[in-house]
Each structure stands twice: as C-alpha cells, then as structure tokens.
Amino acid sequence: MSSDRTRSAILAAAEKLYADRGFGDVTLRDIVAEANVNLAAVNYHFGSKDELIAELFVTRSLATNRERLNELKLAEEKGGGHAPIDAILHALVGPTLRGCLGPDREGSTAARFMIRASIESVPPIRRIKNREVDHLRKFIAAMRRAMPGRNDADLNWGLHFALAMSHHTIREKERLTRLSEGQCDLNDVDAIVDRVVAVSVMALTGGETPKKAAVRSAMPQGRLTRQDL
C-alpha cells in the first residue's frame with residue numbers, strides 16, 4: 001500500500017471507529033486493525049492518538065468554515081458590502097446544522113464524528129477550538145457593519161449564543177424529540193436554522209439588558225419587633 005493510501009486508510013478507519021464508539025473507547029491498536037496497517041504507520045504519519053484526532057477534526061472543521069465564509073461573502077456581496085444580521089447568522093450556523101442534522105446527513109460517518117467531537121470535546125479538539133477563531137472574527141466584523149450601534153461585547157455574546165444553540169441542538173436532538181413528543185421536527189433542518197437565527201437576532205435587537213434593581217436588605221434596620229416576625 002502506498003504512503004498516501006496508508007494515510008487515508010488510517011484516517012478513514014479512525015473516523016469510523018471514533019464515530020461509532022467515541023474517543024475514549026478506541027485504541028490505536030483498534031485503528032490499525034480496522035485499517036489493516038501496522039502501528040508504525042500510525043506513528044509515522046501522525047505521531048500520536050491526539051494528533052490523529054486533531055487531523056480529523058481540522059479536516060472536517062476547515063470544510064465547514066470554508067462553507068460559512070463563502071455564504072458570508074455571498075450575503076455581503078448581495079447587500080453591497082453590508083449583509084443584514086439575519087443573513088450573517090444564517091451563514092454562521094447553517095453549515096454546522098446542515099452538516100450534522102437531517103435524514104440524508106446525520107447517519108454519515110463525517111456527521112457522526114463531528115457530533116462525537118461536540119459531545120465529548122477531548123483535549124486536542126478543545127485546543128483547536130480555542131485557538132482557531134480567525135474565521136469567527138470575520139463574522140464579528142460583518143456583524144459590526146450590520147449593527148454599528150452595538151458594542152463589541154454584545155456582538156461577541158450574540159455570536160457565542162448562536163453557536164451554542166446550534167451545538168446544543170445537535171447534541172441533544174434525541175432529548176428534544178422525546179420532550180416535545182415529536183412536535184419539534186429535527187428532520188426539517190432549514191426550519192431549525194431559521195429558529196436559531198430568529199432567536200439570535202431577537203437577542204441582538206431586543207434592546208439593552210435592563211440593569212438589576214438595587215437589592216434592598218431583607219433585614220430591617222435596628223432591633224426586631226414582634227411585628228417584624
């Protein structure tokens with residue numbers, strides 16, 4: 001087997017096993033057996049289990065991020081350089097939700113791997129997520145152009161909550177189906193994207209968060225009387 005084919009076989013085997021069984025239950029020996037290669041080949045191409053996981057996650061994430069940025073670019077071109085906030089958020093969450101949900105997608109190995117990555121969030125994946133944020137800064141810049149009156153903290157929170165809703169929906173879709181007794185249709189991915197975007201836009205455009213009222217002491221000043229009890 002050529003070096004490129006060996007590398008591809010290892011990646012395919014690892015992605016399938018991680019998708020099926022999770023990151024903690026799969027060993028390198030399981031992967032080499034599935035790929036029909038030797039352990040030295042894994043060490044040669046990837047160096048460690050963490051590096052192998054990172055390679056898989058980066059490959060899938062790059063495809064999603066590329067799709068996000070392409071949709072953002074189209075939305076801004078359509079708006080003459082200033083896309084509306086709902087179009088920006090559609091570009092942000094749409095690729096993630098469409099990549100993992102829906103009857104024609106969620107059974108794929110790639111989707112199941114990314115769902116595992118979202119649920120288990122092992123150290124190599126957390127490190128990549130915390131480090132690779134440049135593409136998200138492009139969304140913040142677009143949001144700033146769309147909502148010049150909002151401060152950056154509000155925009156960052158808005159983006160954060162939109163992503164959180166997307167990932168939570170992917171992770172907890174079975175619970176939502178049971179809770180709603182099937183009324184929430186997890187197969188209608190376009191409707192899910194619309195709902196996430198609508199709530200995110202509402203949060204960003206619904207006015208300033210009211211300041212908390214000063215909390216008065218529950219204890220009256222001075223000595224307690226019988227009437228205070």
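Which residues do ring pairs link into a cluster? In this predicted model, the cluster consists of Y18, F23 and F113. The sections below place these rings within the fold and its packing.

## Overall architecture and confidence

The protein chain contains 11 helices and zero strands. Read along the sequence, its pattern is therefore written α-α-α-α-α-α-α-α-α-α-α, with helices numbered from the N terminus. Of the 229 residues in the protein chain, 37% are buried. Among contacts with a separation of 6 or more, 73% join residues 24 or more positions apart.

The mean pLDDT of the protein chain is 88, and 90% of the residues score at least 70. Over residues 224-229 the pLDDT is below 50, and this stretch has three contacts in the model beyond near neighbours in sequence. Residues 208-221 likewise stay under 50 in pLDDT. For residues 208-221, the model has three contacts beyond four places in sequence.

## The nonpolar core

The largest nonpolar core comprises 60 residues. Those with the most contacts inside this core are I10, Y18, I31, L52, L92 and L97. Helix α5, spanning residues 85-100, gives the most to the core, with eight residues.

The surroundings of I10 can be listed in detail. Not counting residues up to four places away in sequence, I10 touches I31, A35, V37, A41, V42, H45, F46 and L52. Two of the residues touched by I10, namely I31 and L52, are also among those with the most contacts inside the core.

## Packing of helices α2 and α7

Helix α2 (residues 28-35) has L28, I31, V32 and A35 as its buried residues. Seen down the axis of α2, these residues fall within an arc of 95°, so they line one face of the helix. R29 and A33 are exposed on the other side of α2. The buried residues of α2 pack against α1 (3-21), α3 (39-45) and α4.

In helix α7 (residues 123-131), P124, I125 and I128 are buried. These residues cover an arc of only 100° around the axis, which puts them on the same side of α7. Their packing partners are α4 (49-78) and α6 (109-120). Helix α4 thus receives buried residues from both α2 and α7.

## Aromatic pairs

The count of aromatic pairs comes to three. Y18 and F23 form a tilted pair, with 5.0 Å centre to centre and 40° between the planes. Both Y18 and F23 are buried, and Y18 is also one of the residues with the most contacts inside the largest nonpolar core.

A further pair joins W157 and F161, whose ring centres are 5.3 Å apart and whose planes lie at 25°, so the pair is stacked. W157 and F161 both belong to helix α9 (residues 152-171), where they lie four residues apart, about one turn of the helix. F161 is partly exposed, with a relative accessible area of 43%.

## A buried glutamate and the cysteines

E76 is found in helix α4. With a relative accessible area of 14%, E76 is buried, because the cut-off for that class is under 20%. Leaving aside neighbours within four places in sequence, E76 is in contact with G81, H82, A83, A142 and R145.

A disulfide is a covalent bond between the sulfur atoms of two cysteines. A search of the whole structure finds zero disulfides. C100 counts as buried at 8% relative accessibility, whereas C184 is partly exposed, with a relative accessible area of 34%.

## Positive phi in two loops

Most residues other than glycine have a negative phi. N36 has a positive phi of about 60° although it is not a glycine. This residue follows α2 and is placed in the loop between α2 and α3. N36 is exposed, with a relative accessible area of 66%.

E181, a residue other than glycine, also has a positive phi, near 55°. The place of E181 is in the loop between α10 (173-179) and α11 (189-205). With a relative accessible area of 71%, E181 is exposed.

How values were computed
Residues are numbered from 1 along each chain as its sequence is written. This is a predicted model: local features need pLDDT of at least 70, side-chain atom pairs count only at pLDDT 80 or more; totals for chains, interfaces and linings use all residues. Side-chain values use heavy atoms; hydrogens and water are left out. Buried means under 20% relative accessible area, exposed over 50%, partly exposed in between (1.4 Å probe, protein chains only). The arc is that of the directions from the helix axis to the C-beta atoms. Contact means heavy atoms within 4.5 Å. A disulfide is a pair of cysteine sulfur atoms within 2.5 Å. A nonpolar core is a set of buried Ala, Val, Leu, Ile, Met, Phe, Trp, Tyr and Cys residues joined through side-chain atoms within 4.5 Å. Rings of Phe, Tyr and Trp (its six-membered ring) pair if their centres lie within 6.5 Å; planes under 30 degrees apart count as stacked, over 60 as edge-to-face and the rest as tilted. pLDDT is the predictor's confidence in each residue, from 0 to 100.
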